[in-house]
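Dear colleague,

I am passing on the structure we spoke about, together with some notes on what turned up in it. Please look through it alongside the text below.

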Amino acid sequence: MKLGLKANYALTLVILTISIVVLLTGALLFEYRNTSDEMRQSGYDVARIALVSQLEKQARGMAAYLAENLANPMYKLDVDEIKELVASAAAQKGVLQAVVFDPERRVLHDGTETLENYGLLLQGQATLRTVETHEIIAVVGKEAIDVSAPVMVGAQLLGGIKVRLSLEAVQVDINDLQETLAKISSDGMRSYLIAAAVACSVLIVISLLLSIRVARGLTEPIEILSGLTQRIGGGHYEIEIPFERRDEIGELASSLTRMAGELKDTTVSKDYVDNILKNMLDPLVVFGKNGKVRGANAAACDVLQRDLSDLLGRHVDNFIWYDDRSESRISFEEIERNGKSISTEGLLRKKDRTSLPALISWSTMPGSAGDSQQLLCVARDISERKEAEEALRASEERFRSLITNLPSAIFLKDLEDRFVLLNQRFTDWYGITEDEAFGKTSKDLFSKKLAAVYIAENGKVLETRRPNEREIDIPFADGSEHAVIVTKFPVFGTEGSVTGIGTIHTDVTEQRKAEQNLQQAQKMEAIGQLTGGVAHDFNNLLAVILGNAELIQDQLGTDESSTQAIMNAAARGAELTQRMLAFSRRQPLRPQIIDLESLVKDMLDMLSRTLGETIDVVTSTETDMWRAVADPAQVESAILNLAINARHAMPKGGVLKIETKNTTLNDNLADMESEAKAGDYVLLSVRDSGSGISPDIIQHVFEPFFTTKDVGEGSGLGLSMVYGFAKQSGGHVTIESTVDQGTLVCLYLPRAAEMVQRNAVNQNEEIRQGQGELVLLVEDNSDVRHLTDSLLQNLGYAVLSAEGGKEALEILKDNGTAIDLVLSDVVLAGGMSGPSFVEQALVMHPALKVLFMSGYTETKIEGDSLLLSGATLLNKPFRKQNLARALRGVLDKAGNEAQVV
């Protein structure tokens, strides 16, 4: 047996040595062959590169030479000279082609008599890149080298020269080189094989000698280890290895020593194991198959608050509870059936009826005699983990509640643009639930255009790692389009890397509407100021025209048709300025408590005649209508203007519905309408069934002089007058329209709280001439001042004139007691207004009578204060009889009762 082991080992070693020698020899031969091939190929490549490089250098030089010769005299060379230059290049050895091309890469000359390629578009990278970069470009192909050079005059590209050289001569030289390298490689291979055969023979002889030596040293230690193994099998674990080795036999000896020690350790007594279990920090309980306690460690007794004697024999249900009480039985059955461990979370029931959350692990263990197996239960206190989980759950619940109740839509995406979280507002706006969005991308849920915007914004966030914000219009689930501010921000992980992208959508539609309303109101206010100023100046001009016409007529003594035409034209102009003043809210109003229902009924006959038989006028009113505060004449004018506009919108007839009702604007509704105030209003609405107004036009309808009617058919002041009258009255006006369905105009007039009266001028009062009273006239417009001076003298008054307030105060100082009345314009140049002058004048002479005149009445700024102070206001332009009546009214009245004439 021993001799067989040695012989087999030696034979195996010889065969292994021969196999290794053969493999090494083959590998070396293969490597030599590869190395030879690589050297041969490398030499081939190096030679080819060198030869091609030399040829490329030749081609570059030729192209550069031709380009240089063509550059300076390009505009002077004739066709024959260019032909000779190109033909000489083409005639050189190896040149396949030489052409001149323009900046568009089209052939100008190819060196031939017939110019066969003239106009041909040159292809290839060499010519293309030369035109683009203005550099000499060479491209090496399989059969030829293309070189293009630019022809430049300064910075201007005139064209280029292309030269193509053949690689045929280079290939011949390379082939010769390859044959030489192959011959050298074959001779080397033969010498290498002879050397390898000699080396292999020597190695085989040496391996035979070594195998005998190695076999003898290997079998002796194995015999010793075999004897020690038999000793261990007999229960003798104390062994000693008589040799030391660091090879595999040494490792086998070390393993045998460790095995003997481990077998010795397994003979530790049962009491020692029990002692270890009892001192475990985690509670440990042993149950029988019937679920009753058979043993427990000290930790279990401490946690359950019971002595071991109190635990023994009790059922598991007395100590361990689950949310589902049947879970413990199911665990027992599964462990007994499959014999595998199970870990579940449950409660350890203490003696004081409190409980402790624990991770409970069940496993089987060998039982005592007569019992096949027992159940081992190990519990670990997880109170801190549960508290942390509860805190985390509460935190997540607060976070969820926060994002759910925010007025903005919030969602979170991962780096692949997939939704991972969204709130309820997102679902309400876009009709997409969290389940529908989870794992989907923007392309899956939104339109192609909107998804592209989202993806681009996400890319910016990932690139900059900073939030960005932009406003876009987004369609909601109900089909409406909303202005939304999209705020995107990076979500960072614990290590500072970006793990996702958060997005907040804030709906600013109402805010933008409010801004637009404010801008519209500011625009209308600016237009109103401009319109009022124009009307004021125009009234001054009309006053001059009308007054002088009356003076001329008085001088002639007859009703001249020419002067009457002038006065009629001035009167129509005055009506036009009144409409302009109505828009600018500077017309004098006479507000009263009015019954809108009765006013509308009284106008029905006039409206029917005005609108014609093809339009049906229908009225509707609420019961218990409130009274409104407004100027009835202006209300009638507004209704008439709206009715006329409706008639133009219904050329083929239709229905005009006029409705009155009570309404209240709360703060929210008032905020939606610019300049509207919360409160009670009487609503007058006029609805037609006409052609309607397009959205691009409706935003301009309240602007003065804006009209869609043909030239001569309307002034464009109808709706602007209604707008100004409503605002000046403390109300509001709105307009809604749909093309081909009609238009609705709503006029909100303030509800009457108490009677508002202002004394009207008695038109039938007798006009009396002056009795020589002295009037101080203050007017900054020289034409109006001269005209008014003439009218006053014509009416029998003495006049002192002043251009401004300061000059008038000086006159008062000198003639204060003699002046019976001050006639002053409201707006004066020089830094002092009419009311300011009068205020100082009354300090000097409290009994002084005052009459104001103005081209407009700014009720909120000037008019109310004037009327409250007892002053009387005369509107420009005025006729002679109006001036006379106003003067006598002020001079003859006892008190300071205010009025507007």
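Is Thr487 buried or exposed? With a relative accessibility of 18%, Thr487 counts as buried, because the cut-off for that class is under 20%. Please bear in mind throughout that this is a predicted model.

Thr487 belongs to strand E15, which covers residues 481–492, and the side chain of Thr487 makes a polar contact of 3.0 Å with the side chain of Glu469. When residues up to four places away in sequence are not counted, Thr487 touches Asn468, Glu469, Gly502, Thr503 and Ile504, so that Glu469 appears both as a polar partner and in this list of contacts.

As for the protein overall, there are 26 helices and 29 strands, and of the 901 residues 40% are buried. Among the contacts between residues at least 6 apart in sequence, 60% join residues that are at least 24 apart. The accessible surface amounts to about 50400 Å², and carbon and sulfur atoms account for 53% of that area.

A second buried site that I looked at is Glu773, with a relative accessible area of 14%, which sits in the loop between strand E23 (742–750) and strand E24 (774–778). A polar atom of the Glu773 side chain lies 2.6 Å from the backbone nitrogen of Gln771. Leaving aside neighbours within four places in sequence, Glu773 is in contact with Gly796, Tyr797, Ala798, Asp820, Arg888 and Leu891.

On the surface, by contrast, Ile194, Val198, Val202 and Ile206 form a nonpolar patch, and together these residues have about 370 Å² of accessible area. Val198, one of the patch residues, lies in helix H4, which runs over residues 168–233. Val198 counts as exposed because its relative accessible area is 51%, where the class requires over 50%.

Finally, a word on the cysteines. A disulfide is a covalent bond between the sulfur atoms of two cysteines, and the structure holds zero of them. Two cysteines that I checked for burial are Cys301, which is buried with a relative accessible area of 13%, and Cys746, which counts as buried at 11% relative accessibility. Cys746 falls within the range of strand E23 (742–750), the strand that precedes the loop holding Glu773.

With best wishes

Key:
Residues numbered from 1 in each chain as written. Predicted model: local features only at pLDDT ≥ 70, side-chain atom pairs only at ≥ 80, totals over all residues. Heavy atoms only, no water. Patch = residues over 30% accessible without salt bridge, like charges linked within 9 Å, V, L, I, M, F, W, Y side chains within 5 Å. Areas by Shrake-Rupley, 256 points an atom, 1.4 Å probe, with all protein chains shown as cover. Salt bridge = Lys/Arg side-chain N within 4 Å of Asp/Glu carboxyl O. Helix = DSSP H or I, 4+ residues; strand = E, 2+ residues; numbered from the N terminus. Buried < 20%, exposed > 50% of the residue type's maximum accessible area, 1.4 Å probe, protein only. Contact = heavy atoms within 4.5 Å. Disulfide = S-S within 2.5 Å. Polar contact = N/O pair within 3.5 Å; in protein donor to acceptor, adjacent residues only side chain to side chain.
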